[in-house]
Amino acid sequence: MNRLHGKRKKYIWAAAFFAVMFCLNSFTFMKRSVFASEGEDPSMFAETEEEGSEEMVPVTDQSSSPIEEQVSITDIEEGVPSDPVSEQIVVKAQPDAYGLTLSAPSAILMEASTGTVIYEKKPDEILRPASITKIMTLLLIFDVLEGGKISYGDAVTVSEFAASMGGSQVFLEPGEVQSVDTMIKCIAVSSANDACVAMAEHIYGSEEEFVRQMNKRAKGLGMNNTTFVNCNGLDAEGHVTTARDVAIMSRELINKYPKVHEYSQIWMDTITHTTAKGTSEFGLTNTNKLIKQYPYATGLKTGSTSLAKFCVSATAKKDDLELIAVIMASPDGNSRVADATNLLNYGFANCTIYRDNQPVELPMIKVQNGVVPEVEAKYNSIFTYVGTQGEDFSKVEKTISILEPILAPIEEGQKLGTLNYHLGGKNLGSIDIVAAKEVEAAKYKDYLKTIFKAWIM
């Protein structure tokens, strides 16, 4: 009997032991699952969900760099299967003919005053522009401001449609009212899609008409590879441009309306939302990190979507040299900044600008068949040339060429000749000599007066 009782005690202890072990294992499994779901799993496991079920799968590496993470995200967004092996491969690009190594597939560097192209890498490749579309949006806004159609203090009422814009925004609400000045700030600093549409509707009644005007303006600038479908740059079929075209519209904006830099150089600011819910402050932070990181940066606009990747039109000025660096489809934000910085540094290191602020003094130009024998002349512009070969501009030679004969009638601004610039046998260019005032053609009575004056003298 005692022997039987002893066996029962052994069985009970054994059962208790296995029960305790089972509980411990269950607790460990649950702990692993909780840690994994919070990203703190010490045993390198994570949870995945598929059709409502949970499956434990091993995670090989959770410490990938920002570039690797962006590649993975882009692959998923574009429907390309992710390859964990290929993502680990780093391909080191070789310097190009300019000695630069850019990650972006398309780029251009342009001098702002002359439009001289200093660097280019597939500048005419047709790509998606993302929010650098807003450069043209801003250009049209400044156009109508200059024309007097609107003013900076005008009130802009936000529509339901404008408030519904996704992507980067300042969370304008339907019926909310902001000034034109505030809307420009929201577009230039925070890349606000909702503010773009609100301004488009305020100026032309609808976004569709505003976009039509954008395309008309683009054609007028010679942006032959650009088509706009919307005013904010959200991905849309057929909404495309090139690095060269972006540089062209950027140059037009900063040259014609340098006031844009007052907005594009703002790093942080606030706006006030006043709606039915009350009043609240909203912070703006510039999407262009170059404003904070690059000492000569003056603007201009960034852009990024899953399809366009990372783009920027970066403007910078050092002394008298102003540059425009356009980067298209860079793989990530850091590469975009690095590429733009490399281009700007290259430009400032290798370019010298020659500007003739004191051209040759012009003589009076003889006129035939006019009511007066001579006409005053002037230059129609200041000659500017960008050198990239270390030129000695103190040796520039200038020659005047006058068209012959100069026959009346002559209109004010009519071309009379050119001032030509040469250096070491190379023609640098020229500027036009034009009439400072009009000259009417002489009539019969004018000839009689001339004869009479000559006779009495």
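**Figure 1. Pro405 sits in the loop between strand 17 (397-402) and strand 18 (415-423).** This is a predicted model, and our tour starts at a loop with two unusual bonds. Most residues other than glycine have a negative phi, and most peptide bonds are trans. Here, the bond that joins Glu404 and Pro405 is a cis peptide bond, with omega at about -5 degrees. Follow the chain onward to find another one: the peptide bond from Ala408 to Pro409 is cis too, with omega near 5 degrees. Pro409 also belongs to the loop between strand 17 and strand 18.

**Figure 2. Lys398 is a residue of strand 17.** Is Lys398 buried or partly exposed? With a relative accessible area of 30%, Lys398 is partly exposed. Look around this side chain and backbone for the neighbours: leaving out residues up to four places away in sequence, Lys398 touches Tyr354, Asp356, Gln358, Pro359, Val360, Leu419, Asn420 and Tyr421. Now find Leu423, which is 25 residues from Lys398 in sequence. In space, the two C-alpha atoms of Lys398 and Leu423 are 9.1 Å apart.

**Figure 3. Helix 3 (residues 134-147) meets helix 5 (residues 180-190).** Two packed helices are described by the angle between their axes and the distance between the axes. For this pair, the axes come within 11 Å and cross at roughly 160 degrees. An angle over 145 degrees counts as roughly antiparallel, so helix 3 and helix 5 are roughly antiparallel to each other. Their crossing is left-handed. On the helix 3 side, the contact is made by Lys134, Leu138, Ile141, Phe142 and Leu145. Helix 5 brings Val180, Ile184, Ile187 and Ala188 to the contact. Sorted by character, the residues of this contact are eight nonpolar, no polar and one charged.

**Figure 4. Helix 3 also packs with helix 7 (residues 207-220).** What is the angle between helix 3 and helix 7? It is about 95 degrees, and the axes are 10 Å apart. Angles of 65 to 115 degrees count as roughly perpendicular, so that is the description for helix 3 and helix 7. From helix 3, the residues to look for are Met136, Thr137, Leu139, Leu140 and Asp143. From helix 7, they are Phe210, Gln213, Met214, Arg217 and Ala218. This contact of helix 3 with helix 7 divides into six nonpolar, two polar and two charged residues.

**Figure 5. Ala130 and Lys309 each have a positive phi although neither is a glycine.** Start with Ala130, where phi is about 55 degrees. Where is Ala130 placed? Ala130 lies in the loop between strand 4 (117-121) and helix 3. Its relative accessible area is 1%, so Ala130 is buried. Now turn to Lys309, where phi is about 60 degrees. Lys309 is part of strand 10 (residues 309-318). At 29% relative accessibility, Lys309 counts as partly exposed.

**Figure 6. Ser106 is in strand 3 (residues 106-111).** Ser106 is buried, with a relative accessible area of 0%. Which residues does Ser106 touch, not counting residues up to four places away in sequence? They are Lys121, Lys122, Pro123, Glu125, Leu127, Ala243, Val326, Ile327 and Met328. Try tracing the chain from Ser106 to Ser330: these residues are 224 apart in sequence. In space, Ser106 and Ser330 are 8.4 Å apart, C-alpha to C-alpha.

**Figure 7. Cysteines appear in this view, but a search of the whole structure finds zero disulfides.** Cys196 is in no disulfide. The nearest cysteine sulfur to that of Cys196 belongs to Cys231 and is 5.2 Å away. A disulfide needs a pair of cysteine sulfur atoms within 2.5 Å. Cys196 has 0% relative accessibility, so Cys196 counts as buried. Cys311 counts as buried as well, at 0% relative accessibility.

**Figure 8. The protein chain holds twelve helices and 19 strands.** Let us step back to place the close-ups in the whole chain. How many of the 457 residues count as buried, as a percentage? The answer is 42%. Consider next the contacts between residues at least 6 apart in sequence: 61% of these join residues at least 24 apart.

Methods
Residues numbered from 1 in each chain as written. Predicted model: local features only at pLDDT ≥ 70, side-chain atom pairs only at ≥ 80, totals over all residues. Heavy atoms only, no water. Axes fitted to C-alpha atoms, helices over the stretch in contact; angles between N-to-C directions. Helix = DSSP H or I, 4+ residues; strand = E, 2+ residues; numbered from the N terminus. Parallel < 35°, antiparallel > 145°, perpendicular 65-115°, else oblique. Left-handed = near helix turned anticlockwise from the far one by under 90°. Contact = heavy atoms within 4.5 Å. Nonpolar A, V, L, I, M, F, W, Y, C, P; charged D, E, K, R; others polar. Buried < 20%, exposed > 50% of the residue type's maximum accessible area, 1.4 Å probe, protein only.
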